[in-house]
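This report looks at aromatic contacts, helices and cysteines, and asks how each of them is placed in the fold.

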Amino acid sequence: MALKSVVDKFCFNGVLDDTDPDVRNLLVILENVLMHRCKQKGPSSWFSDEVTSYWPCIVASCSKVRRSCVPIVTGMGGRHLTGLAMGRIFLQMALMERRLSEYLSELVGPESTDLLRKAYEPEAFLLKDEGAALPHMCLGLNAIDFSFCPKGENLDYQYIPCIDFTPYLDFTPCAQAELDDEHEQAVLSGAAMPSTPTEDSPDENWRAKFQALYVKYRELGQQKSYAEDMLTLKQARIEKLEFDLAAMQGDSETTKALHGKEINQLQLVVAELQAELYDSELNILYDCPMRAVFFYYGLF
């Protein structure tokens with residue numbers, strides 16, 4: 001519902017910022033999801049005011065993303081900001097870049113499983129199947145224009161805000177959203193789309209046809225955006241796998257060459273040891289008098 005309310009507001013209001021209550025609630029929800037069952041660094045104390053955050057996991061996993069904003073956030077934070085403040089700056093930067101789903105895909109990906117198990121409790125949201133579906137849920141945010149002014153001093157408060165469920169208790173979608181829902185239900189059920197006008201005037205008929213075409217175009221646009229985003233993610237993963245494969249092939253060639261050199265060196269050492277053993281046997285034979293006598297009479 002939070003995602004739907006933000007998408008509906010963007011469709012009619014354009015660029016969204018942190019002055020909008022739905023946007024603020026969305027940021028709080030994302031922070032609560034990322035902080036769910038996060039392990040504490042040490043025993044809690046009455047005198048400790050810093051809360052353990054998810055920022056170290058973001059740095060470890062999302063820094064590998066191409067053109068990542070993590071170094072920028074780290075440079076903005078410096079040493080005087082806590083992990084919570086830098087995590088909040090990261091969320092705002094990721095939303096403005098329209099790449100939050102890409103960062104979340106890297107965070108909950110299979111390569112980060114060991115990292116998440118060390119940083120979170122076993123029952124954490126990110127370690128469940130719902131956590132793996134989080135990037136796909138946030139994929140629609142890539143089509144929204146966000147505008148934030150991330151200042152660390154304003155975001156460096158040491159508590160996790162509570163989610164405000166009040167707007168969702170009486171959630172009334174806009175007229176266009178209701179029309180979209182009716183169209184989706186009609187498509188899924190195979191029935192015709194219900195017409196909104198009550199009179200059969202030409203203007204109302206043309207309006208209904210326009211609304212139907214608009215909904216169809218918007219649905220196709222959303223599907224196209226989703227397919228393009230998925231294609232971008234797949235291409236990025238393929239490029240990363242190709243790079244890792246080339247690096248592994250180079251490492252295997254280097255290791256093979258080193259093993260060949262070591263084998264040649266060991267063969268030389270074995271030959272030298274055999275030669276020394278033969279020489280030592282000859283020296284023992286000539287140094288012992290009795291063996292020398294036997295050797296002499298044996299020859300003659």
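In this predicted model, F148 is classed as buried because its relative accessibility is 9%, which lies under the 20% cut-off. F146 falls in the buried class as well, with a relative accessible area of 7%. The structure holds 3 aromatic pairs, and the rings of F146 and F148 form a stacked pair, because their centres are 5.8 Å apart and their planes meet at 10 degrees, under the limit of 30 degrees for stacking.

Elsewhere, W55, F90 and Y103 together make up one aromatic cluster. A further ring, that of Y157, has R88 lying over its face, at 3.8 Å from the ring centre.

Two helices can be set side by side, each with its length, its burial and the residue that comes after it.

| Helix | Residues | Distance between end C-alpha atoms | Buried residues | Residue with positive phi after the helix |
|---|---|---|---|---|
| Helix 2 | 21–35 | 21 Å | 11 of 15 | R37, near 60 degrees |
| Helix 5 | 83–97 | 21 Å | 13 of 15 | R98, about 60 degrees |

For helix 2, a rise of 1.5 Å a residue gives an expected span of 21 Å for its 15 residues, and the distance between its end C-alpha atoms agrees with this value because it is also 21 Å. The N-terminal end of helix 2 is capped by D20, which places a side-chain oxygen 2.8 Å from the backbone nitrogen of D22. D22 is itself one of the buried residues of helix 2, which also include V23, N25, L26, L27 and V28, as well as L30, E31, V33, L34 and M35. Helix 2 is thus described as mostly covered, and R37, which follows helix 2, has a positive phi.

Helix 5 passes the corresponding check, since its 15 residues should span 21 Å at 1.5 Å a residue and its end C-alpha atoms are 21 Å apart. Helix 5 is likewise mostly covered, and R98 takes its positive phi just after the end of helix 5.

Which cysteine sulfur is nearest to that of C38, and how far away is it? A search of the whole structure finds 0 disulfides; for C38, the nearest cysteine sulfur belongs to C57 and is 6.2 Å away, and C38 is in no disulfide. C38 is buried, with a relative accessible area of 13%, whereas C162 counts as exposed because its relative accessibility of 69% is over the 50% cut-off.

Conventions: Residues numbered from 1 in each chain as written. Predicted model: local features only at pLDDT ≥ 70, side-chain atom pairs only at ≥ 80, totals over all residues. Heavy atoms only, no water. Phe/Tyr/Trp six-rings, centres within 6.5 Å; stacked < 30°, edge-to-face > 60°. Buried < 20%, exposed > 50% of the residue type's maximum accessible area, 1.4 Å probe, protein only. Lys NZ or Arg CZ within 6 Å of the ring centre and 35° of its normal. Helix = DSSP H or I, 4+ residues; strand = E, 2+ residues; numbered from the N terminus. Expected span 1.5 Å × (residues − 1). Polar contact = N/O pair within 3.5 Å; in protein donor to acceptor, adjacent residues only side chain to side chain. Disulfide = S-S within 2.5 Å.
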